[in-house]
Amino acid sequence: MANKAPIRTNDSALIAMIADEDTVVGLLLAGVGNVDLRRKTNYLIVDSKTTVKQVEDTFKEFTTREDIAIVLISQYVANMIRFLVDSYNNPIPAILEIPSKDHPYDPSQDSVLSRVKYLFSAESVASDRR
Amino acid sequence: MAELARTDEIEMEVKKTDEMAELEVEENQWGEPIEDLEGEEDRNKAVMKLLDSMDGYLTQFNSLSSTLRQGWLDLASARHSMGTSRINYTLLDLKEHAASTSLRVISDDDDDDVDDSTRKQKPRFQLRKWGSLDNQTFSAEKQRSKEEHEESSGSLKQRHRGDSQLPECASKPDDGAQVQIDDKEKNERSKSLAMFGTLVSPKLRASQLSFEKAIEAIVEIANLRSEILAASDQVQRILEGSKKEILSLNSKRDYKKGVKETRALNEIEEPRD
């Protein structure tokens with residue numbers, strides 16, 4: 001019973017995005033954009049001027065909001081805050097690392113697959129750390 | 001007196017081996033333990049589930065990559081034909097508005113997990129595209145409700161037999177509802193495109209469809225992520241259980257060896273006395 005963590009159900013949860021301009025614009029065309037009464041959006045456009053602190057703060061904000069169920073983050077942006085992404089353990093919101101235009105998806109960097117990798121071989125994990 | 005003490009010792013050892021024999025694992029002709037087949041099946045099932053969900057996860061990611069690539073290409077083409085200033089993040093609507101496409105999150109029990117005490121709930125995501133449930137999930141739910149209806153009590157079945165027009169009547173409102181859903185989708189799509197102007201390039205519309213498809217893949221990936229995490233937890237628990245089992249088997253085997261050797265020694269020594 002102690003291990004049964006209750007899942008927060010929701011009928012209209014949001015998809016948050018931390019990605020480059022084209023990805024965010026495209027996904028907003030699909031209708032996932034949300035702006036609340038306090039003019040807070042569910043997306044952050046990352047460009048050359050965006051700092052790591054901004055990305056960190058936005059990530060923390062999105063992962064603590066109760067109305068967000070999935071956080072999409074470009075993999076190259078996730079690498080900027082890798083320690084934060086890898087230490088995230090909650091089932092909701094689900095963190096998904098997506099490819100961007102200039103950075104294709106690399107399964108070896110995916111946090112979900114990294115967590116499962118050690119089950120198959122301890123040596124491969126050790127060699128990666130070197 | 002020494003003989004009495006020795007027989008007492010032998011009796012104590014026999015009692016211990018009898019107790020151990022109750023917990024003993026069967027051995028084959030080579031002295032290797034014969035494993036519990038049911039437990040082996042559960043272990044294999046858990047590992048297969050993990051591998052299947054990982055395979056699905058990677059396949060969906062490949063599909064997402066190609067869909068996103070198509071979307072970016074169409075967006076770039078639209079930007080080329082309409083101009084960079086017309087497709088820009090500065091044009092995004094910052095007025096208060098709710099998302100047209102959202103998610104429904106439900107809790108799903110991990111039924112494949114054999115161990116009730118450690119069974120966890122995992123989230124399941126359903127896409128609500130343009131305000132309604134995704135067509136696929138909607139039809140799946142309809143099928144499930146139909147199956148539940150067929151499996152229900154005999155009185156309901158009798159009603160169905162009596163009223164043959166029921167299924168025909170049921171299909172008509174569905175068609176009407178589907179038309180309404182399609183109209184609603186068209187309106188929402190147009191609203192979404194309207195932030196870039198009234199007349200937009202067909203490439204922008206194509207890009208919108210690509211990104212809609214990408215969202216569907218993303219929701220599927222999120223569900224597979226939940227499956228992977230649940231399955232990996234289960235496999236980890238099995239591994240920990242197997243380690244404990246191996247350690248206890250080894251200690252039992254060592255104890256049995258020691259007892260057999262002691263008995264053999266005593267049998268050799270007894271005739272001397």
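The following conversation concerns a predicted model of two protein chains, A and B.

Biologist: What is the secondary structure of chain A?

Modeller: In this predicted model, chain A has 6 helices and 4 strands. Read from the N terminus, its elements follow the order β-α-β-α-β-α-α-β-α-α.

Biologist: How much of chain A is buried?

Modeller: Of the 130 residues in chain A, 54% are buried. As for contacts within chain A between residues at least 6 apart in sequence, 64% of them join residues at least 24 apart.

Biologist: Why is helix α1 of chain A described as largely enclosed?

Modeller: Helix α1 of chain A covers residues 21-29, and 8 of its 9 residues are buried, so the rest of the structure largely encloses it.

Biologist: Which residues of α1(A) are buried?

Modeller: They are D22(A), T23(A), V24(A), V25(A), G26(A), L27(A), L28(A) and L29(A). Just after this helix comes G31(A), with a positive phi of about 95°.

Biologist: Let us turn to the interface. How many residues does each chain bring to the contact?

Modeller: Chain B brings 60 residues and chain A brings 59 residues.

Biologist: What area is buried between the two chains?

Modeller: About 5,000 Å² is buried between chain B and chain A, and carbon and sulfur atoms give 69% of that area. The size of an interface is often stated in this way, as the accessible area lost when the parts come together.

Biologist: How many salt bridges are there between the chains?

Modeller: There are 3 salt bridges between chain B and chain A. One of them joins R79(B) to E21(A), where the closest N and O atoms are 3.8 Å apart. In addition, 16 residue pairs are in polar contact across the interface, both residues being at pLDDT 80 or more.

Biologist: Which elements of chain B supply the side that touches chain A?

Modeller: At least two residues each come from α2 (37-82), β1 (102-109), β2 (121-128), α5 (166-194) and α6 (202-272) of chain B. The element that gives the most is α6(B), with 16 residues.

Biologist: What classes of residue make up that side?

Modeller: The side of chain B that touches chain A has 34 nonpolar, 15 polar and 11 charged residues.

Biologist: Now the aromatic rings. How many aromatic pairs are there?

Modeller: Over all chains the count is 3 aromatic pairs. In one of them, F59(A) and Y88(A) have ring centres 6.2 Å apart and planes at 80°, so the pair is edge-to-face.

Biologist: Where do F59(A) and Y88(A) lie in the chain?

Modeller: F59(A) is in helix α2 (residues 52-64) of chain A, while Y88(A) is in the loop between α4 (82-86) and β4 (94-98). The two residues are 29 residues apart, and their pairing links distant parts of the chain.

Biologist: Are these two residues buried or exposed?

Modeller: F59(A) is buried at 2% relative accessibility, and Y88(A) is also buried, at 9%.

Biologist: Which ring pair crosses between chains, and why is it called stacked?

Modeller: The rings of Y105(A) and F61(B) have centres 4.0 Å apart and planes at 0°, so the pair is stacked. This pair crosses from the loop between β4 and α5 (111-117) of chain A, which holds Y105(A), to helix α2 of chain B, which holds F61(B). Y105(A) is buried at 14% relative accessibility, and F61(B) is buried at 0%.

Biologist: Which residues form a cluster through ring pairs?

Modeller: Y105(A), Y57(B) and F61(B) are linked into a cluster by ring pairs.

Methods. Residues numbered from 1 in each chain as written. Chains lettered and ligands numbered in written order. Predicted model: local features only at pLDDT ≥ 70, side-chain atom pairs only at ≥ 80, totals over all residues. Heavy atoms only, no water. Contact = heavy atoms within 4.5 Å. Buried area = accessible area lost by both parts, 1.4 Å probe. Salt bridge = Lys/Arg side-chain N within 4 Å of Asp/Glu carboxyl O. Polar contact = N/O pair within 3.5 Å; in protein donor to acceptor, adjacent residues only side chain to side chain. Nonpolar A, V, L, I, M, F, W, Y, C, P; charged D, E, K, R; others polar. Phe/Tyr/Trp six-rings, centres within 6.5 Å; stacked < 30°, edge-to-face > 60°. Buried < 20%, exposed > 50% of the residue type's maximum accessible area, 1.4 Å probe, protein only.
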